[in-house]
Amino acid sequence: GYQRVLEENRKLYNQVQDLKGNIRVYCRVRPFKPGQSNTLSSVDHMDEKTITILTHSKNGKEARKAFTFNKVFGPSVTQAEVFFDMQPLVRSVLDGYNVCIFAYGQTGSGKTHTMTGPKELTEEGLGVNYRALSDLFHISNQRKETISYDISVQMLEIYNEQVRDLLSADEIRNSSHNGINVPDANLVPVSLTSDVINLMNIGHKNRSVCSTALNDRSSRSHSCLTVHVQGRDLTSGNILRGSMHLVDLAGSERVDKSEVVGNRLKEAQHINKSLSALGDVISSLASRSSHVPYRNSKLTQLLQDSLGGQAKTLMFVHITPEYEALGETISTLKFAERVATVELGAAKVNKDSGEVKELKEQVSSGLLQHMCLY
Ligand code: ADP
Ligand code: MG
């Protein structure tokens, strides 16, 4: 049955994946806002993998700095095109892989646009969260003769290092499973895209209860939609499990410590701590370091089982094109560079290697063709 095929080929698949690396970094540049078309841009040039930023040195001289990613999406790239690139990653969840997708960037850079979509949701505007789930429904339906899949979701928020269940509006505790911390949150079975839309609406309502007009909490907390998949091979009865975390991170902008006090300062410190902890974890995974510092934040603790090993990570950094925001843009790109350099370096070396090519040929000609290499 499928399970046996999967086990036989997983090794081969993992070999290819090992050579290619399990961490991807994408960059998306949002368009100027309407009426901003004459605004000076900090983006000098973009191609499929690099973005060049225009800066000025102290004496007013122009300077350029290039950053390299696995993929760069310019301002006119559609939601569908963005999702198309992530599809293999999403589908691997059905083969039992754990996946984390992060949206990183300053407030207003398009994180929520990528993950959820614009406020007035249209079919075309649907973000990664909806597209990922509807794709999982679609593929699980295609495989229904051989595997029976159960798909369920959780929605969590991390605010000031506390985890909250967005599907029940309660403060939640972590319970322990075999020594691993798992949030004791509502897990809701879903089988239609409309189920997901309804749940996301409930989650957004619960989240906004804690915001005021002056105090938009959504930009200062991390929200995480987790998809759990369980597949049962109808012939052997064997079970496989995969999970996917879709994380809309808190805004990465640095706040001026001299200007904020009290709660605002505490929030800023928590955000700073958790985003740098995430950066540390991903960069030590990328450099294959023996110690991975998961314990330094709630976010990395929560996602520990889905970061590292055979798990796959996509860091999706967002930048704004306005020259005014240059400082934040550079700091976002530096964060991305820090988590990516090693992997991108390795990928470059292996790009044309015969070994990868050969393995890929075996994969695409053989039984593994339903598995999603990315
Ligand atoms: P963030 O979640 O990072 O704070 P948002 O996703 O809310 O940012 O985006 C800020 C604004 O820019 C929103 O009005 C959003 O609809 C718009 N926007 C962001 N990215 C894009 C894009 N790629 N195309 C069109 N509009 C975008
Ligand atoms: Mg947002």
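1. Start with Leu156, which sits across from Cys224 of strand E12. That pair belongs to a longer match: strand E7 (residues 147-159) and strand E12 (residues 222-233) run antiparallel and are joined by 12 bridges. Another spot to look at is Asp150, whose opposite number in E12 is Gln230. Keep in mind as you click around that this is a predicted model.

2. A quick reminder on what holds such strands together: strands in a sheet pair through backbone hydrogen bonds, and the pairing can be parallel or antiparallel.

3. E7 has other partners too. With strand E8 (residues 162-165) it pairs in the antiparallel sense, over four bridges. Try finding Tyr159, which has Gln162 of E8 as its bridge partner. E7 and E8 form a hairpin with two residues between the strands, and there Asn160 has a positive phi near 45 degrees.

4. Then there's strand E11 (residues 188-189), which pairs with E7 over two bridges, again in the antiparallel sense. Here Val153 has Val188 of E11 as its bridge partner.

5. Now follow E12 onwards. Which way do E12 and strand E13 (residues 239-248) run, and how many bridges join them? They run antiparallel, with 10 bridges. Thr226 is a handy marker, since its bridge partner in E13 is His245. These two strands also make a hairpin, this one with five residues between them, and Gly237 in the turn shows a positive phi of about 80 degrees.

6. Elsewhere you'll find an open sheet of three strands, in the order E2-E3-E4, with antiparallel pairing. Why is one side of E2 and of E4 left without a neighbour in the sheet? Strand E2 (43-46) and strand E4 (62-68) stand at the edges and each has a single partner strand, so one side of each has no neighbour there. From one strand to the next, the twist averages 20 degrees.

7. Within that sheet, strand E3 (residues 50-56) and E4 run antiparallel and are joined by seven bridges. If you want a residue to anchor your view, pick Ile53: Lys65 in E4 stands opposite.

8. On to the helices. Helix H2 (residues 79-91) packs against helix H4 (residues 128-142) at an angle of about 50 degrees, and their axes are 10 Å apart. That angle is why H2 counts as oblique to H4. The crossing of the two helices is right-handed.

9. Who makes that contact? On the H2 side, the residues are Phe83, Met86, Gln87, Val90 and Arg91, while H4 brings Val128, Arg131, Ala132, Asp135, Leu136 and Ile139. By class, this contact of H2 with H4 has seven nonpolar residues, one polar and three charged.

10. Last stop, ligand 1. Which of the 13 residues around ligand 1 come nearest? They are Arg30, Gly110, Lys111, Thr112 and His113. Helix H3 (residues 111-115) gives the most to this shell, namely three residues. Sorted by class, the shell around ligand 1 holds two nonpolar, nine polar and two charged residues.

How values were computed:
Residues numbered from 1 in each chain as written. Chains lettered and ligands numbered in written order. Predicted model: local features only at pLDDT ≥ 70, side-chain atom pairs only at ≥ 80, totals over all residues. Axes fitted to C-alpha atoms, helices over the stretch in contact; angles between N-to-C directions. Parallel < 35°, antiparallel > 145°, perpendicular 65-115°, else oblique. Left-handed = near helix turned anticlockwise from the far one by under 90°. Contact = placed C-beta atoms within 7 Å. Nonpolar A, V, L, I, M, F, W, Y, C, P; charged D, E, K, R; others polar. Pairing = 2+ DSSP bridges. Near = placed C-beta within 6 Å.
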